[in-house]
Amino acid sequence: MISFKSPAMMAMALAVCTAAGAQPGLVVSLASVGDRVRAQNPDLAAARLRIREAAGRMNQAGRLSNPQLEAGFEHNRNFRERTFELGFSQRFPVTDRLRLEKSVGAAELDASEAEVREAERLLVASARESVVKVLAIRERRELLDRQAGLAGEFAGFLRELADKGEGSSLDAGQARLEAAGLQVSMRQLDAEEATVTGALKPLLGMRPDESLVVGGKLPAPVKVGQAADPAKRPDYQAASLEVAVADRQLAVEQAKRFEDLEAGIFAAAERSEDAPDGYETEGIVGLRVKIPLPLWDKNEGAIEEARARTERKRLEADALARSIRLEVGAARAEMDEWAALLGELDGTLIPLAEEQVAAAENAVKNGQGEIQAVFRNREKLLQLRSSGLDALREFNLARVRHQAALGKP
């Protein structure tokens, strides 16, 4: 995993790689990761084949059954009397069943397209959440790096005092131990970042040996006030289209109460003996019609099933609309809470803790304070800054969920 502390450093590294003839890793950001998912995600590419499947079903739906060609031959033992018959028949619906079946196929095609957009929405949201986590880990590492630098400088100052006999070597050793602990925490963050990156690569359609560069920084909190509109969500669009499909399938089942009419034309030739005049040949041409009578099977069971399915799909769509509104509202409320906490930390608590750390360090340098007070104040400052980063990370995760819940691309 390759990461940089600033966009400028990332651009410089890419320039060096290009100048050296090396292949730079894939560069993504919170704004561009969605485009990469849409272009390269293998699961999404497989899901798009559903559209072709639905298009094939639509093209096949609403067609007449194939015509039938009939032939018959009869004869007696000595082949002196014989009959030959040839017929052609075709089945025709007496209702508008074929048109309804075609409309079902068209609605299923639209529903398949909405389902693919829903799969895309979920994959993009998952990838954006991973990018937010990577950026949060990077900013936490930068925080620990700055903290470790300050701890190292303070440990060096205490070592100089101890060498002059003006301070305690134990205090200097404890300061070095604090700096070493921060380095260990940074190594743990490296491992955590590798884990998150490993989960992000498959979403981007990358090979395991490809390197990934995540650019940018976590955006600052912003106020959102957009109301939920379920009609913009592809899963709700798919649910609404499934209601339309169920309605049309119900109409198809109702049309199937009357089976197809069969009509045909036939021609026959017969050679028979007409004693005492001898053999004669006769030709016959006629029409044949078969009309099914809906006496025993009126398709009641299939109609009842289709009616229940239509009602179920409608209730599922209504429940999904309510769930979408609740999802958007919950994400917006979470964003407001994290933004308020972050404002309190950045505006009041962190500046106060920084003042306390500076005062404690100055007191120790002037020989008027205790080293333990410096460690306690530094630990508290690190906790507050870490809490600020956690709040910023959770705000952006909630923002990703909010945008995904709204159906934004």
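A residue counts as partly exposed when its relative accessible area falls between the buried class, under 20%, and the exposed class, over 50%. In this predicted model, Phe-84 has a relative accessibility of 41% and is therefore partly exposed. Phe-84 is part of strand β3.

**Surface patches**

Phe-84 belongs to a nonpolar surface patch of about 860 Å², together with Leu-69, Phe-73, Leu-86, Phe-88, Ile-265, Val-285 and Leu-287. Strands β2, β3 (82–92) and β6 (278–290) each supply two or more residues to this nonpolar patch. The largest share comes from β3, which gives three residues.

A negative surface patch is made up of Glu-74, Glu-270, Glu-280 and Glu-282. Glu-74 sits in strand β2, which spans residues 68–75. With a relative accessible area of 56%, Glu-74 is exposed.

**Salt bridges**

Side chains of opposite charge can pair when their charged atoms come close. The model contains 31 salt bridges. Three of these pairs are listed below with their closest N to O distances.

| Acidic residue | Basic residue | N to O distance |
|---|---|---|
| Glu-70 | Arg-288 | 3.8 Å |
| Glu-139 | Lys-217 | 3.9 Å |
| Glu-311 | Arg-314 | 3.5 Å |

Glu-70 forms its salt bridge with Arg-288. This pair joins distant parts of the chain, with Glu-70 in strand β2 and Arg-288 in strand β6, 218 residues apart. Glu-70 is partly exposed, at a relative accessible area of 33%. Arg-288 is also partly exposed, at 29%.

The salt bridge between Glu-139 and Lys-217 likewise links distant parts of the chain, the two residues being 78 positions apart. Glu-139 lies in helix α4 (residues 97–163), whereas Lys-217 lies in the loop between β4 (212–214) and α6 (234–255). Glu-139 has a relative accessibility of 11% and so counts as buried. Lys-217, at 47% relative accessibility, counts as partly exposed.

The salt bridge of Glu-311 with Arg-314 lies within one helix, α7 (residues 300–365). Because Glu-311 and Arg-314 are three residues apart in this helix, about one helical turn separates them. Glu-311 is partly exposed, with a relative accessibility of 40%. Arg-314 is partly exposed as well, with a relative accessible area of 32%.

Salt bridges also form a network, which links Glu-118, Arg-121, Arg-233, Asp-235 and Glu-327.

Key. Residues numbered from 1 in each chain as written. Predicted model: local features only at pLDDT ≥ 70, side-chain atom pairs only at ≥ 80, totals over all residues. Heavy atoms only, no water. Patch = residues over 30% accessible without salt bridge, like charges linked within 9 Å, V, L, I, M, F, W, Y side chains within 5 Å. Areas by Shrake-Rupley, 256 points an atom, 1.4 Å probe, with all protein chains shown as cover. Salt bridge = Lys/Arg side-chain N within 4 Å of Asp/Glu carboxyl O. Lys, Arg positive; Asp, Glu negative; His and termini not counted. Charge placed at Lys NZ, Arg CZ, Asp CG, Glu CD. Helix = DSSP H or I, 4+ residues; strand = E, 2+ residues; numbered from the N terminus. Buried < 20%, exposed > 50% of the residue type's maximum accessible area, 1.4 Å probe, protein only.
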